[in-house]
Amino acid sequence: MINPDERIDDLQCKGYNIIQKPDGFCFGIDAVLLSDFVNVKPDQKVLDLCTGSGVIPILLEAKTKGQHFTGLELQEEYADMAARSVKLNKLEDKIDIICGDVRKGKELFKQNSYQVVTVNPPYMTDNHGLKNLYEPKTIARHEVALNLEDVISLASYVLPVNGNFFMIHKPFRLAEIFDVMKKYHLEPKRMRLVQPYIDKEPTMVMIQGTKGGKSRITIEPSLIVYKEPNVYTDEIHQIYGN
């Protein structure tokens with residue numbers, strides 16, 4: 001079930017576990033926060049782009065009454081690891097993992113085939129920050145295998161009118177994010193900034209867009225991660241289920 005360079009981590013949610021590679025790219029708090037921000041109605045189908053270890057589909061299956069969850073991952077080793085995590089939790093009937101390229105998504109998925117799309121994409125462009133020499137980490141963090149427009153255009157393609165798109169990203173790219181979302185008819189409807197401390201500037205932003213929605217956005221109160229060093233706020237504890 002697991003390889004020598006992997007470990008099994010407790011998701012602390014519905015008894016589920018996940019396989020991760022300690023020396024590879026492990027999921028972080030951003031995936032957990034996004035899974036809490038997402039709204040999935042009963043019987044809806046969800047597509048998670050850039051799924052990595054498959055943590056978002058597994059958490060959404062635990063937290064929502066969605067009908068089915070699909071994760072799309074470019075890197076074969078991570079797609080295989082995610083599929084084994086699905087099997088580990090006996091969720092093969094609820095979650096499937098596809099190894100494929102977002103840029104070729106229109107060959108993989110039918111138009112209007114999902115009611116919800118989620119994504120925790122690479123945050124940095126080719127010009128932002130230092131790249132890790134370990135290629136899987138570089139692909140996960142930098143837009144070397146896809147870019148923001150690739151993600152948003154596929155989301156728009158698979159969503160019907162009134163379908164919802166959920167993404168976590170970096171605030172410094174907000175203007176670009178809104179421009180690309182509007183280009184593909186995903187109207188920004190809801191936004192929440194994430195701050196490490198109450199007196200620090202936001203480091204993440206969560207956005208919900210609606211396909212063909214009217215122009216009106218709700219800005220929710222910021223989510224504060226820590227009340228003091230290494231001590232989570234009560235809301236973060238609630239999100240983690242502690």
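User: What makes Met 1, Ile 2 and Ile 8 a nonpolar patch on the surface?

Analyst: This is a predicted model, and in it the three residues together have about 260 Å² of accessible area. A patch like this takes residues with over 30% relative accessible area, with nonpolar side chains joined within 5 Å. Take Ile 8, which sits in strand 1: its relative accessible area is 42%, so it clears the 30% cut-off.

User: Why is Ile 8 called partly exposed?

Analyst: Buried means under 20% and exposed means over 50%, with partly exposed in between. Ile 8 has 42%, so it goes in the middle class.

User: And why does Gln 12 count as partly exposed, while His 185 is called exposed?

Analyst: Same yardstick. Gln 12 has 48% relative accessibility, so it falls between 20% and 50%. His 185 has 56%, so it passes the 50% mark and is exposed.

User: What is notable about phi in Gln 12 and His 185?

Analyst: Most residues other than glycine have a negative phi. Phi of Gln 12 is near 55°, and phi of His 185 is near 65°; both values are positive. Gln 12 lies in the loop between strand 1 and strand 2, His 185 in the loop between helix 7 and strand 8.

User: Which residues are closest to the centre of the second largest pocket?

Analyst: The pocket holds about 210 Å³ of space. Closest to its centre are Leu 11, Gln 12, Val 32, Leu 59 and Tyr 240, out of 15 lining residues. Helix 8 gives the largest share of the lining, three residues.

Technical notes
Residues are numbered from 1 along each chain as its sequence is written. This is a predicted model: local features need pLDDT of at least 70, side-chain atom pairs count only at pLDDT 80 or more; totals for chains, interfaces and linings use all residues. Side-chain values use heavy atoms; hydrogens and water are left out. On a 1 Å grid over the protein atoms alone, a cavity is a set of points where a 1.4 Å probe fits but cannot get out, and a pocket is an open set with protein on both sides within 12 Å along at least five of seven lines; lining residues have an atom within 4 Å of a point. Grid points are joined across faces, edges and corners, and a volume is the space filled by probe spheres set on the points. Helices (H or I, at least four residues) and strands (E, at least two) are DSSP runs, numbered from the N terminus. Patches are made of residues with over 30% relative accessible area and no salt bridge: like charges are joined within 9 Å, nonpolar side chains (Val, Leu, Ile, Met, Phe, Trp, Tyr) within 5 Å. Accessible areas come from the Shrake-Rupley method with a 1.4 Å probe; for residues, only the protein chains shown count as cover. A salt bridge is a side-chain nitrogen of Lys or Arg within 4 Å of a carboxyl oxygen of Asp or Glu. Buried means under 20% relative accessible area, exposed over 50%, partly exposed in between (1.4 Å probe, protein chains only).
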